[in-house]
Amino acid sequence: EIVDATYRELSNLDGRVANFQLQEMLSAKGHDVTIRPQSILIQQFRTLVRNQLLLPNGVQVKSSTLSEADGMLELNAGDQLEINCNSCLFGTHQPVNLTITGFDGTIRSLTASVDFVKMVRAYKLTGPLAAFSTIDDFSMLKEEFTESIPHTDLITDKASLKFFKTNKPLKTGDLLRLSDLNAINIVKAGLKTDVILENNMIRIKTQGISRSNGTFGETVEVYHPQKNKKYQGKVIDHNKVLVEL
């Protein structure tokens, strides 16, 4: 019972704790024990995984299980722990190899299971927005990183918001999603439109008349009457399309 209580107290800590502090914590739970080491270094396994593995950008450790060590791995002073994940896909239930080299040269091998999660940038509203509103005031957006969930279409690029309007009322605290927005026509049929033609060598700017309306990212046709030429370009800004040569 005392060992279980000690493990419970240790599992909630991170960093170095003095023996008298741990003794007082256990005493408050009715356990009168003496801790021999003057201090104990507690490290969360997920932190060790993050520090030792080269994680791709945006990937974090969500949870981990030390199945062969009952959730608690004890190391003596001088022991070295090495963590490897061969052919990691950085998804759920990834097998991770642990090698413990003792101060006396002994080697012990264990395995663990780690759940990785992809984090993406998102924007949370700090105030309500009415339907059909434009988002011009970026001060009402709070940037935060959240778990990437398939098919949630979170807005990750704040700069592109100027090309959209809300399609319904949004509440304070809502994360902005593409499904909450309707794209507005930033290129209009029959109006003069800037055309940028570029590749990795050159960049040329000309003008023409758009043949159709277009929202951000859509492809529209622009006609150049003097040259009698048509361009197919992607809408990138108000009255502006990009043609990649």
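Reader: In this predicted model, what covers the buried residues of α2?

Author: The cover over the buried residues of α2 includes a helix, α1 (2-11), along with two strands. Those strands are β1 (15-18) and β2 (39-42).

Reader: And which residues of α2 are buried? On which side of the helix do they sit?

Author: Helix α2 spans residues 19-27, and its buried residues are N19, L22 and L26. In an α-helix there are 3.6 residues a turn, so residues three or four places apart point the same way. Here the buried ones cover an arc of only 65° around the axis, which puts them on the same side of α2.

Reader: Over to the aromatics: how are the rings of F90 and F116 arranged?

Author: You describe such a pair by the distance of the centres and the angle of the planes. For F90 and F116 that's 5.1 Å centre to centre and 75° between the planes. Over 60 degrees counts as edge-to-face, so the pair is edge-to-face.

Reader: How many residues apart in sequence are the parts that F90 and F116 tie together?

Author: F90 sits in the loop between β4 (80-84) and β5 (94-101), while F116 belongs to strand β6 (residues 107-125). So their pair ties together parts that lie 26 residues apart in sequence.

Reader: Is F116 buried or exposed?

Author: Its relative accessibility is 5%. Buried means under 20%, so F116 counts as buried.

Reader: What about F163 and F216, how do those rings pair?

Author: Their centres are 4.6 Å apart, with the planes at 15°. Planes under 30 degrees apart count as stacked, so this pair is stacked.

Definitions and conventions
Residues numbered from 1 in each chain as written. Predicted model: local features only at pLDDT ≥ 70, side-chain atom pairs only at ≥ 80, totals over all residues. Heavy atoms only, no water. Buried < 20%, exposed > 50% of the residue type's maximum accessible area, 1.4 Å probe, protein only. Helix = DSSP H or I, 4+ residues; strand = E, 2+ residues; numbered from the N terminus. Arc of directions from axis to C-beta. Contact = heavy atoms within 4.5 Å. Phe/Tyr/Trp six-rings, centres within 6.5 Å; stacked < 30°, edge-to-face > 60°.
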